Amino acid sequence: MPFAWAARPLFRLYSNELDTSSDFPAIYRQEGNKIKDEELLKLLSEYRKPEKLSKLTVIPGWLKIKIESITDLSDNTLSTSLAPLKPFPLPPISEPTFEIAEFENISEKDVHPYTTYINHLYVYPQTLCFDTQKIFTRARNIACIIELRDDDSENTTPLRCIYGRPGTPLLCLRASCAVLHHNAIPSWYEEIKIRLPPKLHAKHHLLFSFYHISCDMNKKKENGVENCVGYAWSPLLHKGRLNVDMDMNVQTTTS
């Protein structure tokens, strides 16, 4: 879970000029119960109101970034699929530059088909309501594990298609969300980026597994650190089309 946040406009007020200043005015503490998109967007909408920001807790520190306008493609650039773009000298002559995926709208002027092959799925686990179940009364420190599978028969493994975090392999079998201590209704703020297979069929689905993480040393010895407490799944296809057009509420089954 993020513990702090900072923001600043990319363009100058009342103009379209790029603001190349590098400093952020402040770093604010992230409240654990206010990480939903609606709550963050409300904070950003009030960003220019000093009376609103004065109520937030400031964390001592500083953050700097470099912003500049470029006209030519930098050397050693990687696409959003982490594929090298020409020119890509080997060995690299500069630090790698990563393209950021832009979620285009449906306007024709913003659509550029057939220029690159991208088949990505972004998954944003938001919250789990696990406080009403009575089977696992101690399920509080809950971890959420996400996998993409093409079958659920015995000995089937998840597909290696989830982009890993820095320091891990490029593609992983699964991704996990941060564990919130002693919370039966956790909210998450992770982005899971998945490289979809070229051909999808009816058995492709997202599998969410929920684990109680034990903090009690005695319980760890008896039952281990992780204990599975539930599952949820969502098919990728609905009536032959990718099922990503809206927020989904997925039923959870206790294990």
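The following exercises, each with a worked solution, concern a predicted model.

**Exercise 1. Determine whether strand β7 is buried or exposed, and identify which strands pair with it.**

Solution.
Step 1. Strand β7 comprises residues 142-149. Ile142, Cys144, Ile146 and Leu148 point one way, while Ala143, Ile145, Glu147 and Arg149 point the other way. In a regular strand, side chains alternate between the two faces of the sheet.
Step 2. A residue is buried when its relative accessible area is under 20%. Of the 8 residues of β7, 8 are buried, so the strand is largely enclosed by the rest of the structure.
Step 3. One pairing partner is β12 (residues 205-213), joined to β7 in the antiparallel sense over 8 bridges. Here Cys144 stands opposite Phe210.
Step 4. Another partner is β10 (residues 174-176), also antiparallel to β7, over 3 bridges. In this pairing Ile145 faces Ser176.

**Exercise 2. Establish which residues of the largest nonpolar core touch the most other members, and which strand gives the most to this core.**

Solution.
Step 1. The core has 23 residues, and those touching the most other members are Leu148, Ile194, Leu206, Phe208 and Phe210.
Step 2. At least two residues each come from β6 (120-123), β7, β11 (192-195), β12 and β13 (226-235). The greatest contribution is that of β7, with 4 residues.
Step 3. A second core of 6 residues lies apart from this one and includes Trp5, Ala26, Tyr47 and Leu53.
Step 4. Leu206 may be examined individually. Beyond its neighbours within four places in sequence, Leu206 contacts Leu121, Val123, Glu147, Leu148, Ile194, Ala232, Trp233, Ser234 and Leu236. As a general tendency in soluble globular proteins, nonpolar side chains are buried together.

**Exercise 3. Describe the salt bridges of Arg149 and the burial of the residues involved.**

Solution.
Step 1. Arg149 forms a salt bridge with Glu147, with 2.9 Å between the closest N and O atoms. Side chains of opposite charge can pair when their charged atoms come close.
Step 2. Arg149 is buried, at a relative accessible area of 13%. Glu147 is likewise buried, at 5%.
Step 3. The side chain of Arg149 also meets that of Asp152 in a salt bridge, at 3.8 Å from N to O. Asp152 is partly exposed, with 49% relative accessibility.
Step 4. Elsewhere, salt bridges with shared partners link Arg8, Arg12, Glu17 and Asp19 into one network.

**Exercise 4. Explain which parts of the chain are tied together by the salt bridge between Asp23 and Lys64.**

Solution.
Step 1. The structure holds 8 salt bridges. In one of them, the side chains of Asp23 and Lys64 meet at 4.0 Å, N to O.
Step 2. Asp23 belongs to the loop between β1 (4-5) and β2 (28-29), and Lys64 to the loop between α2 (50-53) and β3; the pair therefore ties together parts 41 residues apart in sequence.
Step 3. Asp23 is partly exposed, at 45% relative accessible area, whereas Lys64 is exposed, at 52%.

**Exercise 5. State the strand order of the open sheet containing β3, and locate Phe98.**

Solution.
Step 1. This open sheet of 3 strands has the order β4-β3-β5, with mixed pairing. Its edge strands, each pairing on one side only, are β4 (84-85) and β5 (97-98).
Step 2. Strand β3 (residues 77-78) runs antiparallel to β4, joined by 2 bridges. Leu78 stands opposite Pro84.
Step 3. Phe98 is found in β5 and counts as exposed, at 51% relative accessibility.
Step 4. With Leu82 and Leu170, Phe98 forms a nonpolar surface patch of about 270 Å² accessible area together.

How values were computed. Residues numbered from 1 in each chain as written. Predicted model: local features only at pLDDT ≥ 70, side-chain atom pairs only at ≥ 80, totals over all residues. Heavy atoms only, no water. Pairing = 2+ DSSP bridges. Patch = residues over 30% accessible without salt bridge, like charges linked within 9 Å, V, L, I, M, F, W, Y side chains within 5 Å. Areas by Shrake-Rupley, 256 points an atom, 1.4 Å probe, with all protein chains shown as cover. Buried < 20%, exposed > 50% of the residue type's maximum accessible area, 1.4 Å probe, protein only. Core = buried A, V, L, I, M, F, W, Y, C linked by side-chain atoms within 4.5 Å. Contact = heavy atoms within 4.5 Å.
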